[in-house]
Amino acid sequence: MSNKKILTGNEAISRGFFEGGGIIASSYPGSPTVQILDSLKQYKEIYSDWGTNEKVAMEIAMGGSIAGARAMVSMKHVGVNIASDPFMTFTQTKTKGGLLLVVGDDPGLSSSQNEQDSRVWGKFANIPILDPGSPQEAKDFAKEGLRLSEKFNTPVLIRIMSRLCHCRAAVELEGREEFVPEGFVPEQGRYSMLPPYSNAQQYFMKERIEKLQNFNEDYECNYLEQGNGKEFLIVTSGLVYESLKELELENISILKLGMIWPLPIEKIKKLSNQYTNIIVLEELLPFIEEELKINGIVAKGKEYFSFTGELTIQDIKSGLKKAGVLINYLEVEAPQKEEIITRTPMLCSGCPHRPIFHILKTNNATVIGDIGCYSLGIHEPFEVHKTNISMGASLGMALGVATVHSKINKEKPIVATIGDGTFFHSGMTGFIQLAKTTENITVIIMDNRTTAMTGGQNTPSTGEYFKEELGYHASIPDILKSFSINDITVVDQFKYKETKEIIHNAMKRSGLSVVVTTRPCALNFKIKSLIFM
Ligand SMILES: Cc1ncc(C[n+]2csc(CCOP(=O)(O)OP(=O)(O)O)c2C)c(N)n1
């Protein structure tokens, strides 16, 4: 009897990790992959927890793997930038327990600051990439990824698109493969990446990727769907394959790839000789297209399909019309732009970030922003923040701006904002740098006791709100004091007048001043006391 359940792509990844004998999983919250770790909580056999940031999450999974366990780390695309330092060296080692790196890409930037194509990491790190297109494949590829990881001693990258993360479909459930890790067994040189061991690993990686390529030539997760005609072969993978199938093109052959790095290049070469035109359908970079061209296969792709955003069924139809595949397709005119009213994201009502922005709007300060719900201080009605680059960047950037301003005698107070989640993710190193500054910089730490923007995960400062669960509370003022930062004022910003005065005065003082605002997130915590003064 079949045992099917409706799962999102994220839930399917978790399920695959569970069925595949996964034991330890770590992550850092960020759309579109938050739900992977959230849904792992139901499996008691698996240890799962949020890391302080993606680098720590990666290191936890690496530790699990060297102890022989099947491990997984998941994150949004920009998270890999943070995790890349340990990752790019760990990939040189001979992986022991299966290790999955699951990365959620966000074409169209629906909830991200940029639009990276994470497939590049697979090539960069010499590891295989699996590209699932449906929740069923997401589950199957998670299990398959663990197998490949152990078979080829390599971490495996599963690249998953935001629409797949959140869409739902029926997935066949299977039992769990129980797997008992043997623990860490010391082996001279295996994980010690310094010469001579690290030099030898360059050859290991080269051989590993060659073996993977040979394997991929006959791998059943790549398959050809033979159409009637010989004019066009579409090479595609992942979610866009599912959209392409909606068009029901009978005369066109489709090569659906499951493992997209290293490519089964000999197989594609042989196939390409049988068709007049090879068209690559892929979102974001011309990753597959370029690889085919490097290998002498005449292929076209980005001539017809956008390099940015999601490729909707409409986009695919338009592209295929340009390519001459769809001859009789009538383009439906896109609605006039004026008809759609732009509505930027807004802070919730009762959001404790609001009074801060109101206060800053009345000041003539240059405000260097950071990433969190408070990023919305960029938009109307506040238009206070003038930057939004990456988590923790406000601190170093404020120092850079302040240094230049004092060189050119430009007198305008510099204010940086940062949330508690971002403070612990990557703000502390910036603060140590600021500790010795003589520039006039005010940092407002908006300590709402949660990672609000990604759904309200705890931060180390959640403290009294979840005392029992967390068992500890990291005090931001105490941490800053231990960095020799002494100009710190703590205030509940719902005491509006007091907060306004505190921020004004802090901006007038020379050197670094820090204001920690303590009103918790209105959505995450039901706070009874309200003060508006
Ligand atoms: C490197 C990276 N990882 C994860 C994210 C996803 N993300 C966006 S904002 C944010 C943290 C927000 O927490 P906090 O600073 O406390 O601000 P709040 O949303 O609570 O106001 C995270 C993790 C990201 N943008 N970049």
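Trainee: Which helix gives the most to the shell around the ligand?

Mentor: In this predicted model, that is helix H15, residues 420–434, with 4 residues in the shell. The shell as a whole holds 25 residues. Among the closest are Gly421 and Thr422, and the others named as closest are Glu54, His353 and Cys373.

Trainee: What makes a residue count as part of that shell?

Mentor: One of its heavy atoms has to lie within 4 Å of the ligand. The 25 residues that surround the ligand divide into 10 nonpolar, 12 polar and 3 charged.

Trainee: Why is the pair formed by Gly421 and the ligand called a polar contact?

Mentor: The limit is 3.5 Å between N or O atoms. A polar backbone atom of Gly421 is 2.7 Å from an oxygen atom of the ligand, so the pair qualifies.

Trainee: What other pairs meet that limit?

Mentor: Met453 has a polar backbone atom 2.9 Å from an oxygen atom of the ligand. For Tyr374 the partner is a polar side-chain atom, again 2.9 Å from a ligand oxygen. Both values are within 3.5 Å, so both pairs are polar contacts.

Trainee: How much of the ligand's accessible area does the protein cover?

Mentor: On its own the ligand has 580 Å² of accessible area, and the protein covers 97% of that.

Trainee: Where does the ligand sit?

Mentor: The ligand is in the largest pocket. The test behind "sits in" is that more than half of its atoms lie within 2 Å of the pocket's grid points.

Trainee: How do you know whether the radius of gyration agrees or disagrees with a compact globule?

Mentor: For 533 residues the globule rule gives a value near 24 Å, and the protein has 26 Å, which agrees. Along the principal axes, the C-alpha atoms fill a box of roughly 75 × 65 × 55 Å. The secondary structure comes to 18 helices and 18 strands.

Trainee: Which peptide bonds are cis, and where are their prolines?

Mentor: One is Ser31 to Pro32, with omega near 15°; Pro32 is in the loop between strand E2 (24–27) and helix H2 (34–40). Another joins Trp261 and Pro262, with omega about -10°. Pro262 is in the loop between strand E12 (259–261) and helix H10 (265–272).

Trainee: What is notable in the backbone of Arg449?

Mentor: Its phi is near 65°, a positive value in a residue other than glycine. Arg449 lies in the loop between strand E16 (441–446) and helix H16 (467–470).

Conventions. Residues numbered from 1 in each chain as written. Predicted model: local features only at pLDDT ≥ 70, side-chain atom pairs only at ≥ 80, totals over all residues. Heavy atoms only, no water. Polar contact = N/O pair within 3.5 Å; in protein donor to acceptor, adjacent residues only side chain to side chain. Areas by Shrake-Rupley, 256 points an atom, 1.4 Å probe, with all protein chains shown as cover. 1 Å grid on protein atoms, 1.4 Å probe; cavity = no way out; pocket = protein on both sides within 12 Å on 5 of 7 lines; lining within 4 Å. Helix = DSSP H or I, 4+ residues; strand = E, 2+ residues; numbered from the N terminus. Nonpolar A, V, L, I, M, F, W, Y, C, P; charged D, E, K, R; others polar. Rg over C-alpha atoms; globule rule 2.2 N^0.38 Å.
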